[in-house]
Every structure is written in structure tokens, then in C-alpha cells.
Amino acid sequence: KFALMWANHTWQDIHPHKLHTEPPDLYPGPVRPGTFLTLTNYVIEQYFSHTSYWLINESPYFSIYSLNDLLESFGGVEETKEALQDFRIRTRKAGFYDLHLNAVVWGRQVLPGQEKPVDPNWLMNELGFDSVTSYVWIHHVPLKEFPQTDYRYVRECYLQYYREAEETFDVPYFPNVTMGWDSSPRTVQSDRFINAGYPFTPVIANNTPQEFRKSLLAVTQQLNQRTDTPKIFNINCWNEWTEGSYLEPDIHHGMEYLQAIKEVCGK
């Protein structure tokens, strides 16, 4: 099965990135309402209808990465709510029970024209999302040690966020397991590697397959304690080679990260 996450953030020319420079924008994240209508119609017709598309309670799952860019696309909460509701109606008309809208919640959620962040749970309820999730642990855990922050420390901090998120949101929270983090491949390799902001950021160290397996166990055990939410979590990432977060086999560990998933989650 497969499903879509719309990476609706601004696309920047950041590989490789030179130290102390501002990367140029290649394509903006916010879109016009007409573009949103076109792209969601295409998603319904070309992807939702696919026999392998992932459904939750007979409803196709569709995730949105950047809430701030989504709100900027339409200019406000009410306009965004109407656009998402229209997306839901068109999905139902296509023959599905409903649409499962998921939001990746991270950072400060700021409304267009405002500076103060809004309550994320209020925003989820206003926009009509069905669930929330996280993309990567570093969205919630600052990497304080440079050049390396220990994976075990990051895991413990994230698990605390996981517990808080379950209490924060009225809709289900789908947790995340992160394999690792190292964005240094995106830097100009001849530059000094200093703590100067993405991609010159700390690396997560000691993220061995064994520690990754412990993370899978910790998240699934906490998830299984809940009886009122679907048993769903996501992993970062399959092939983020330039951010050091990948499950694909490499020459150092072979299939061990995939084997850990099989051992913990396989039947």
C-alpha cells in the first residue's frame, strides 16, 4: 500500500549549500486556490482510485507537510477550511466513504498576517483534520550538542513529546520513529563544518540498528497502550541519504535497519 504526503514547502536550491549564504528559492510552497483544486482533482482521479492506495476506514489517507504554507495559499483559516472541506466532498463524490486528512504538526503555526503562534489543537479542529503526525524527531528535539548529539538522548526527548502530543490533540496522533540525522552531505564539502543553521547542524550519533530497534519497540509499546486510536506510526526515512536518515541497505549495516522493522513489526 502507498499514500501521499504533500510536501508543500518552498523548494530551495540547497544541495550543495555554501556556508553563510542564503539559498535561492526554486519554487514557492504556497499555491493558488485554482492550483489546489487542480492538484487535488488529479490526486483523487490518479491516486485515490489506485487499487494499492492506503485507506483508513475506507477513506484515502492524505497528509499535508506545511500548515503555514497551506494557510498562506488561501489567506486564512476559514478559506483554508472551505478548501479542505471541498476536497473532502469531491473525494466522497468519487465513491469513497470519506477523506482522511492528516497534518504534519511541527514548528510555530502562524496565521497569515499575524506573528503570534496559534494553539495547534484549535487549528486542527478548525480545519477539520482527522489525525496529526510528525515528520522527524528533530522537529521536536533541539540537537544541543555539536557536532554530535547522542541518538538515545534524542529518543528520550521525543518520547516525552509523544506523550504530550497524545494529551494535546483531540484527534489521533500518529507517532514517528527516526532512523538518524546528518545533513552534512548537503553542505559544500570544502567549507568548515560549524554550527551555522541547516544544513550546518549537529549530527545524530550512535543511531545503530540496535538502537533503532529499541526506538521501534518503545514507540510501538506506547502506541499499543492506547485503545482509542489506530495503531499507526511512520518512519523517517526510506531514502533521505543527504540527511542521514535512510532505511535502504548500505555497505556498513546491510539490511539491519529493515531487519529491525521486520523483527518488531513483522508477522
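This passage walks through a predicted model, from its nonpolar core out to the surface and the backbone oddities.

The largest nonpolar core takes in 56 residues. Those with the most contacts inside it are F48, F62, L123, M124, F129 and F212. As for where the core residues come from, helix α5, spanning residues 151–168, supplies the largest share, with 7 residues. M124 gives a feel for how such a core residue is surrounded: once its neighbours within four places in sequence are set aside, its contacts are L67, A103, V105, F129, V132 and F169. F129 thus turns up twice, as one of the residues with the most contacts inside the core and as a contact of M124.

One of those partners, L67, leads on to helix α2, which covers residues 67–74. The buried residues here are L67, D69, L70, L71, S73 and F74. That makes 6 of the 8 residues of α2 buried, so the helix is largely enclosed by the rest of the structure. The surroundings come from several elements: the buried residues of α2 pack against strands β1 (4–6), β5 and β6 (100–104), and against helices α1 (33–48), α3 (77–93) and α4 (120–127). S73 is a handy residue to zoom in on. Its relative accessible area is 9%, so it counts as buried, the cut-off being under 20%. Leaving out residues up to four places away in sequence, S73 touches P30, V31 and P33. S73 and T35 sit 38 residues apart along the chain, yet their C-alpha atoms are 9.6 Å apart in space. Just past the end of α2, G75 adopts a positive phi of about 95 degrees.

Helix α7, made up of residues 256–265, has Y257, A260 and I261 as its buried residues. Viewed down the helix axis, these fall within an arc of 100 degrees, so they line one face of α7. Their packing partners are helix α6 (209–224) and strand β12 (234–236).

Out on the surface, W11, L26 and Y27 come together in a nonpolar patch, with about 380 Å² of accessible area between them. W11 belongs to strand β2, residues 11–12. With a relative accessible area of 53%, W11 is exposed, because the threshold is over 50%.

The backbone has a few quirks too, starting with two cis peptide bonds that lead into prolines. The bond from F146 to P147 is cis, with omega near 10 degrees, and P147 lies in the loop joining β7 (131–133) to β8 (148–150). The bond from Y198 to P199 is also cis, here with omega near 0 degrees. P199 is placed in the loop between β10 (176–178) and β11 (203–205).

Positive phi angles also crop up at residues that are not glycines. H20 has a phi of about 60 degrees and is located in the loop between β2 and β3 (25–27). The relative accessible area of H20 is 65%, which makes this residue exposed. N57 tells a similar story, with a positive phi of about 55 degrees despite not being a glycine. The loop holding N57 runs between β4 (55–56) and β5 (59–64), and N57 is likewise exposed, at a relative accessible area of 64%.

Methods: Residues numbered from 1 in each chain as written. Predicted model: local features only at pLDDT ≥ 70, side-chain atom pairs only at ≥ 80, totals over all residues. Heavy atoms only, no water. Core = buried A, V, L, I, M, F, W, Y, C linked by side-chain atoms within 4.5 Å. Buried < 20%, exposed > 50% of the residue type's maximum accessible area, 1.4 Å probe, protein only. Helix = DSSP H or I, 4+ residues; strand = E, 2+ residues; numbered from the N terminus. Contact = heavy atoms within 4.5 Å. Patch = residues over 30% accessible without salt bridge, like charges linked within 9 Å, V, L, I, M, F, W, Y side chains within 5 Å. Areas by Shrake-Rupley, 256 points an atom, 1.4 Å probe, with all protein chains shown as cover. Salt bridge = Lys/Arg side-chain N within 4 Å of Asp/Glu carboxyl O. Arc of directions from axis to C-beta.
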